Every structure is written in C-alpha cells, then in structure tokens.
Amino acid sequence: MKRLLPLAATVLTLQVATPLQASSPGCGKDPKVLVQCPRNSGLLTLNVTSCRKIGNVVIEVRDANGRTLYREEGKAMTAELVRRLDRGTFPKGELTLLITARDLQLSERVVNE
C-alpha cells in the first residue's frame, strides 16, 4: 500500500455519482458500495458487498486533474471488502474514487474541504 506524505486533517463531503456499471449475472442482486466519512473521524471507509466473492479489485483515488493519488490492487476472496483510507493524505478539493471489480465499476466524487 502506497502512502503519500500526510497533510492537514480535512473534512470530506460525499456526492454520489451514478455507477458506470453495477451488475452481477446469476445472483439477481447488484453489488453495493457504501462510503462513510464521519466528521469526527480521520478515515474514509469503503464497504463493498456482493452476493458472491468479489475477486480482483482495484481502488483508486484521483484528484481533479486526473492524477492518481492512491491506488490499491488486490483480490477479495469473500463477498465483502472493507477498506479504511486516511483522509489526511489527500489534498483539498474534488477527488474521484474509482472502484473496479468483476461485477462492479463505480465512480464516486468526493469533495475534500
């Protein structure tokens, strides 16, 4: 896991964008992604839940110019994936959270204030 130099703690305001693709053939339920960012916490929590194992997954955080600030690749061998990211490592401004897996491709805007 790559980490950037920590910056001052900031507050995130979430604005959910529509999923690019969210379908899981064969199980009848779409994967669910929950992003939580409580004001009293310095963490951004991602929770991906599916009806079958998630498999290969890529999590990216990009700034407004499209530069990748954080990237994680891995394999989830269960139907749930939870990640906690330190908000202090990201600069102020608009960020884009991209989650890509076998059954899911989601883009979500996050405003770091």
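**View 1. A salt-bridge network joins Glu60, Arg62, Arg71 and Glu73**. In this predicted model, where local features need pLDDT of at least 70, side-chain atom pairs count only at pLDDT 80 or more, and totals for chains, interfaces and linings use all residues, the four side chains Glu60, Arg62, Arg71 and Glu73 are linked by salt bridges. Residues are numbered from 1 along each chain as its sequence is written, and side-chain values use heavy atoms, with hydrogens and water left out. A salt bridge here is a side-chain nitrogen of Lys or Arg within 4 Å of a carboxyl oxygen of Asp or Glu. Side chains of opposite charge can pair when their charged atoms come close. Within the network, Arg71 and Glu73 meet in a salt bridge with an N to O distance of 2.9 Å. Arg71 counts as partly exposed because its relative accessibility is 39%, while Glu73 is exposed, with a relative accessible area of 56%; in these legends, buried means under 20% relative accessible area, exposed over 50%, and partly exposed in between, using a 1.4 Å probe and protein chains only.

**View 2. Two further salt bridges, Glu72 with Arg83 and Arg67 with Asp63**. By the rule given above, the count for the model comes to five salt bridges. In the pair formed by Glu72 and Arg83, the closest N and O atoms are 2.6 Å apart. Because Glu72 lies in strand S6 (residues 68-76) and Arg83 in strand S7, this pair ties together parts that are eleven residues apart in sequence. Strands are DSSP runs of E with at least two residues, numbered from the N terminus. Glu72 counts as buried at 15% relative accessibility, whereas Arg83 counts as partly exposed at 28%. In the pair formed by Arg67 and Asp63, the closest N and O atoms are 2.7 Å apart. Arg67 counts as exposed, with 53% relative accessibility, but its partner Asp63 is buried, with a relative accessible area of 8%.

**View 3. Strand S4 is paired with S3 and with S7**. Strand S4 comprises residues 43-49 and is mostly covered, since five of its seven residues are buried. Strand S3 (residues 32-36) runs antiparallel to S4 and is joined to S4 by five bridges, two strands being counted as paired if DSSP finds at least two bridges between them. One of the residues to look for is Val35, whose bridge partner in S4 is Leu46. S4 also pairs with S7 in the antiparallel sense, over seven bridges, and Leu44 stands opposite Leu85 in S7.

**View 4. Thr45 in strand S4 and its contacts**. Thr45 has its place in strand S4 and is buried, with a relative accessible area of 16%. When residues up to four places away in sequence are not counted, Thr45 touches Leu34, Val35, Gln36, Val82, Arg83 and Arg84, where contact means heavy atoms within 4.5 Å. The C-alpha atoms of Thr45 and Val82 are separated by 7.2 Å, although these residues are 37 residues apart along the chain.

**View 5. Leu97 in strand S8 and its contacts**. Leu97 lies in strand S8 and counts as buried at 2% relative accessibility. Leaving aside neighbours within four places in sequence, Leu97 is in contact with several residues, among them Val35, Leu46, Ile59, Val61, Leu106 and Val110. From Leu97 to Val35 the C-alpha to C-alpha distance is 9.8 Å, and the two are 62 residues apart in sequence.

**View 6. Gly88 in the loop between strands S7 and S8**. The loop that holds Gly88 lies between strand S7 (80-86) and strand S8 (93-101). Gly88 counts as buried, at 8% relative accessibility. The C-alpha atoms of Gly88 and Leu44 are 9.8 Å apart, with their positions 44 residues apart along the chain.

**View 7. The largest cavity and its lining**. On a 1 Å grid over the protein atoms alone, a cavity is a set of points where a 1.4 Å probe fits but cannot get out, and lining residues have an atom within 4 Å of a point. Grid points are joined across faces, edges and corners, and a volume is the space filled by probe spheres set on the points. The count comes to one cavity of 30 Å³ or more, and the largest cavity has a volume of about 50 Å³. Its lining is made up of Pro31, Val48, Ser50, Lys53, Ile54, Ala101, Arg102, Asp103 and Leu104.

Terms used: 1 Å grid on protein atoms, 1.4 Å probe; cavity = no way out; pocket = protein on both sides within 12 Å on 5 of 7 lines; lining within 4 Å. Helix = DSSP H or I, 4+ residues; strand = E, 2+ residues; numbered from the N terminus.
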